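Open the model in your viewer and keep the selection panel at hand. The stops below go from the ligand outwards.

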Amino acid sequence: AADGVEGETFVIGTDTTFAPFEFRENGELVGIDMDLLNAIAEEEGFNVEIQSLGFDAALQSLQSNQVDGVIAGMSITDERRQVFDFSDPYFESGIQMAVAENNNDVAGYEDLRGKRVAVKTGTEGQTFAESIKDDYGFEVVAFAQSAQMYDDVKAGGSVAVFDDYPVLAYGVASGNGLKTVTEKEAGSSYGFAVNKGANPELLTAFNDGLADLKESGEYDEILDTYLEAGA
Ligand code: GLN
């Protein structure tokens, strides 16, 4: 166990639904992030209290010190590094576009002209969509929760969604009614975050625990549990 965290309880914010990283199964929060964090906490001798807040809300709670850390499939970006400290990366991601399964009109960014696309507030998917919207002439609408964003695409309010490719792949494989139509864009890796300069012991403990899980094979087991079933 690492110094300074043994026996401590940390409040950790997460997204509400971001399968396979966090989602509910029979009412219980499960997923890659949850399993990794719980295994690391056990390994390092600390306790966690999970708050299922939503992505943007979790980041805001961290900034205002209402939670000690965030794990939410959160991309390590230069902009976020200004305000947060990140753990070592634990999953490589990237952005992809998806449309409703029965939509045969939108196969690339060129087909988005004059249309509306859905993103989740405060995400890399939103940043990417905003960065190309003027070139391709589409409108971006942001939702707080993944479910609202996906529903808007299925209901036809938006013709496409930009989201992280492992999440889209998992959703499509579990029959969520969408299909991916573009190659993935290079994106950032996921990291566990604490406020800048705050909780350095927690960050160290997370990194130590993560390294141990990788060495023991438990990291691969956790990923396989969720990725074999879905993506
Ligand atoms: N990886 C994306 C980001 O950090 C999305 C995370 C999420 O929606 N939970 O912006």
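From which domains does the shell around the ligand draw at least three residues each? Both domain 1 (9–90 + 191–227) and domain 2 (94–187) supply at least three residues to that shell. Keep in mind that this is a predicted model.

Select the ligand and expand to residues within 4 Å. The selection should hold 13 residues, and the closest of them are G73, S75, R80, E124 and D164. Colour the shell by residue class: five of its residues are nonpolar, three are polar and five are charged.

Next, show the side chains of D15, R80 and K120, and look at their polar atoms.

- D15: a polar side-chain atom lies 2.8 Å from a nitrogen atom of the ligand.
- R80: a polar side-chain atom is placed 2.7 Å from an oxygen atom of the ligand.
- K120: an N or O atom of the side chain is 2.9 Å from an oxygen atom of the ligand.

Taken on its own, the ligand has 300 Å² of accessible area, and the protein covers 100% of that area. Now hide the ligand and display cavities; the largest cavity is the space that the ligand takes.

Finally, zoom out and colour the chain by its two parts, selecting 9–90 + 191–227 for domain 1 and 94–187 for domain 2. Over C-alpha atoms, the centres of domain 1 and domain 2 are 25 Å apart. To see where they meet, select the contact, to which domain 1 gives 17 residues and domain 2 gives 12 residues.

How values were computed. Residues are numbered from 1 along each chain as its sequence is written. This is a predicted model: local features need pLDDT of at least 70, side-chain atom pairs count only at pLDDT 80 or more; totals for chains, interfaces and linings use all residues. Side-chain values use heavy atoms; hydrogens and water are left out. A polar contact is a pair of N or O atoms within 3.5 Å; within protein, one must be able to donate a hydrogen and the other to accept it, and residues adjacent in sequence count only if both atoms are side-chain atoms. Accessible areas come from the Shrake-Rupley method with a 1.4 Å probe; for residues, only the protein chains shown count as cover. On a 1 Å grid over the protein atoms alone, a cavity is a set of points where a 1.4 Å probe fits but cannot get out, and a pocket is an open set with protein on both sides within 12 Å along at least five of seven lines; lining residues have an atom within 4 Å of a point. A molecule sits in a cavity or pocket if more than half of its atoms lie within 2 Å of its grid points. Ala, Val, Leu, Ile, Met, Phe, Trp, Tyr, Cys and Pro count as nonpolar, Asp, Glu, Lys and Arg as charged, and the others, Gly among them, as polar. Domain bounds come from an automatic or database domain assignment. Contact means heavy atoms within 4.5 Å.
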